[in-house]
Amino acid sequence: MSAIGAGTRRRMLLRSFAVQGSWNYQTLIGTGMAFVLAPALRDVHGADPRALAAATGRHAELFNSHPYLATVAAGVIARLEADGVPPELQTRVKSALRGSLGTMGDRLVWAVWRPACALLGIALVAAGAAWWMGALTFLLAHNALHLWLRAWGLRVGLRDGLMVAKALRESPLQRLGERGADAGAALAGFAAVVLAGGAARGPGELALGAAAVAAGLLLRKHVRTAIAAALLAVTLAGILLARTP
């Protein structure tokens with residue numbers, strides 16, 4: 001572990017932004033993972049060129065995960081290399097991480113966080129903010145989690161090594177996903193009502209949006225999707241009819 005210094009960690013983190021730069025159908029992000037690991041491999045095997053080449057080749061093989069959480073795998077593998085763990089065990093660890101990191105990242109980022117951030121920007125614009133304010137809010141909110149995931153993943157992977165599964169189970173990612181889904185549902189209701197009502201031009205429209213947010217939060221676990229869609233359609237139709245001269 002001592003072989004992985006602070007400078008090497010910073011270089012690994014910066015390189016992680018290019019982990020998908022060499023994506024291909026044969027190794028997926030495998031060569032990108034070797035690119036991220038290169039500073040750590042040089043620290044560990046720099047005195048033995050043959051060992052360095054062998055380690056680089058091993059980690060350029062097939063690998064895939066969510067790009068924001070690839071730093072977890074990079075940290076774990078760098079820790080195992082520094083600890084002298086046999087390559088066969090490293091391969092098994094990478095296989096175990098590949099599916100779980102992909103699933104966690106897809107659920108949290110693509111299915112929850114990014115839609116919630118987009119809805120936040122839409123809700124701001126619908127409420128009267130400038131378009132660029134909505135776009136800027138989306139970028140800031142989305143990248144706040146994005147950047148934190150990369151830094152957190154590398155730190156946890158390097159710290160816990162083979163025990164990273166326990167750290168992932170106890171991480172706040174699942175709770176964050178649940179809260180993000182709640183916020184997204186509330187923002188969707190608010191934006192739909194405000195857009196259907198024209199704009200938040202008075203206390204009536206804002207109160208209607210607030211009521212939709214409250215109803216969504218209270219009923220989200222007790223109403224089937226089809227019924228919720230039908231209720232939303234009826235509500236929007238009623239608002240549109242009420243505003244038609």
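In the next few minutes I will talk about the nonpolar cores of this structure and then about one pair of helices. Please keep in mind throughout that this is a predicted model.

Let me begin with the largest nonpolar core, which holds 40 residues, and in which Met 12, Leu 37 and Leu 149 touch the most other members. Several helices contribute to this core, since at least two residues each are supplied by α2 (30-45), α4 (70-83), α5 (87-126), α6 (131-160) and α7 (164-169). The largest share, eight residues, comes from α4.

To see one of those well-connected members in its surroundings, look at Leu 37, which, once its neighbours within four places in sequence are left aside, is in contact with Met 12, His 59, Ala 74, Ile 77 and Ala 78. Apart from the largest core there lies another one, made of six residues, including Ala 123, Ala 126, Leu 187 and Phe 190.

Now to the pair of helices, α4 and α5. How do their axes cross? They come within 10 Å and cross at roughly 165°, and because angles over 145 degrees count as roughly antiparallel, α4 is roughly antiparallel to α5. The crossing in which α4 passes α5 is right-handed.

On the α4 side, the contact is made by Val 72, Ala 73, Val 76, Ile 77, Leu 80 and Glu 81, while α5 brings Gln 90, Val 93, Lys 94, Leu 97 and Leu 101. Sorted by character, the residues of this contact comprise eight nonpolar, one polar and two charged. Ile 77, then, appears twice in what I have shown you, as a contact of Leu 37 and as part of the contact of α4 with α5.

Technical notes: Residues numbered from 1 in each chain as written. Predicted model: local features only at pLDDT ≥ 70, side-chain atom pairs only at ≥ 80, totals over all residues. Heavy atoms only, no water. Core = buried A, V, L, I, M, F, W, Y, C linked by side-chain atoms within 4.5 Å. Buried < 20%, exposed > 50% of the residue type's maximum accessible area, 1.4 Å probe, protein only. Helix = DSSP H or I, 4+ residues; strand = E, 2+ residues; numbered from the N terminus. Contact = heavy atoms within 4.5 Å. Axes fitted to C-alpha atoms, helices over the stretch in contact; angles between N-to-C directions. Parallel < 35°, antiparallel > 145°, perpendicular 65-115°, else oblique. Left-handed = near helix turned anticlockwise from the far one by under 90°. Nonpolar A, V, L, I, M, F, W, Y, C, P; charged D, E, K, R; others polar.
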